[in-house]
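Reader: I'm new to looking at proteins up close. Could you pick one spot, walk me through it, and then show me what else is worth a look?

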Amino acid sequence: TPYYSDDVVVRQANVGAWALKDREAAANSVRSRFDGLFGSSGSESVNTVVYDNDPTKPPSDTQWVNFSITTGITEPVGAGDTAWARTFGIATAMILSPLGRGTKTTLVLADAIMTKFRSVTDNGVAYDTPYLSTVGRRGQWWQTNCNIRFRLEEAL
């Protein structure tokens, strides 16, 4: 039986460096990747996206995405000259669809998001396997969350 894991021993040769200057740079990197793929001019899918503390007013009758980023604890890894810090976080793409229209378009978008963020490193951020959770009714909307786990690693 093969063993599957999100962890890698050797850093992946994807795009970008592993170290970011600060959490603002990390959040900007995550938002930039999402916006470039799924925002108003997204290469994968065009959507109205409302980001953290964004004054953009969401539409009232079509599907849209509320994108939020939360970082957690930072822990040291290693010691001495090879010490570095690892910070875990989660970006949540809350897909909101009008009630009564089914879940097909929601799940197609969620699958596309999960595919583009699964086990890649981009611009200093390492993404793990995303997971989906259905929240259900939220006012006039049907909410499905695409939870994108990520980690930041920086040399100390």
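Author: **A close look at Gly-100**

Let's start with Gly-100, which is exposed, because its relative accessible area is 82% and the cut-off for exposed is over 50%. Keep in mind that this is a predicted model. Gly-100 has its place in the loop between strand S3 (84–98) and helix H2. Now jump along the chain: Trp-142 is 42 residues away from Gly-100 in sequence, yet the two are 8.5 Å apart in space, C-alpha to C-alpha.

Next, follow the loop into H2. Helix H2 (residues 104–117) packs with helix H1 (residues 23–38) at an angle of about 130°, and their axes are 11 Å apart. That angle is why H1 counts as oblique to H2. The crossing of H1 past H2 is right-handed. On the H1 side, Arg-33, Phe-34, Leu-37 and Phe-38 make the contact, while H2 brings Leu-109, Ala-112, Ile-113, Lys-116 and Phe-117. Sorted by class, this contact of H1 with H2 has seven nonpolar residues, two charged ones and no polar ones.

Now back to Trp-142 and its surroundings. Strand S7 covers residues 141–155 and runs antiparallel to strand S6 (residues 131–138), with seven bridges joining the two. For one of the pairings, look at Leu-132, whose bridge partner in S7 is Cys-146. The hairpin of S6 and S7 has two residues between the strands, and here Gly-139 takes a positive phi near 65°. If you trace the side chains, remember that in a regular strand they alternate between the two faces of the sheet.

Methods:
Residues are numbered from 1 along each chain as its sequence is written. This is a predicted model: local features need pLDDT of at least 70, side-chain atom pairs count only at pLDDT 80 or more; totals for chains, interfaces and linings use all residues. Side-chain values use heavy atoms; hydrogens and water are left out. Axes are lines fitted to C-alpha atoms, for helices over the stretch in contact, and angles run from 0 to 180 degrees between N-to-C directions. Helices (H or I, at least four residues) and strands (E, at least two) are DSSP runs, numbered from the N terminus. Angles under 35 degrees count as roughly parallel, over 145 as roughly antiparallel, 65 to 115 as roughly perpendicular and the rest as oblique. A crossing is left-handed if the near helix is turned anticlockwise from the far one by less than a right angle, and right-handed if clockwise. Contact means heavy atoms within 4.5 Å. Ala, Val, Leu, Ile, Met, Phe, Trp, Tyr, Cys and Pro count as nonpolar, Asp, Glu, Lys and Arg as charged, and the others, Gly among them, as polar. Buried means under 20% relative accessible area, exposed over 50%, partly exposed in between (1.4 Å probe, protein chains only). Two strands pair if DSSP finds at least two bridges between them.
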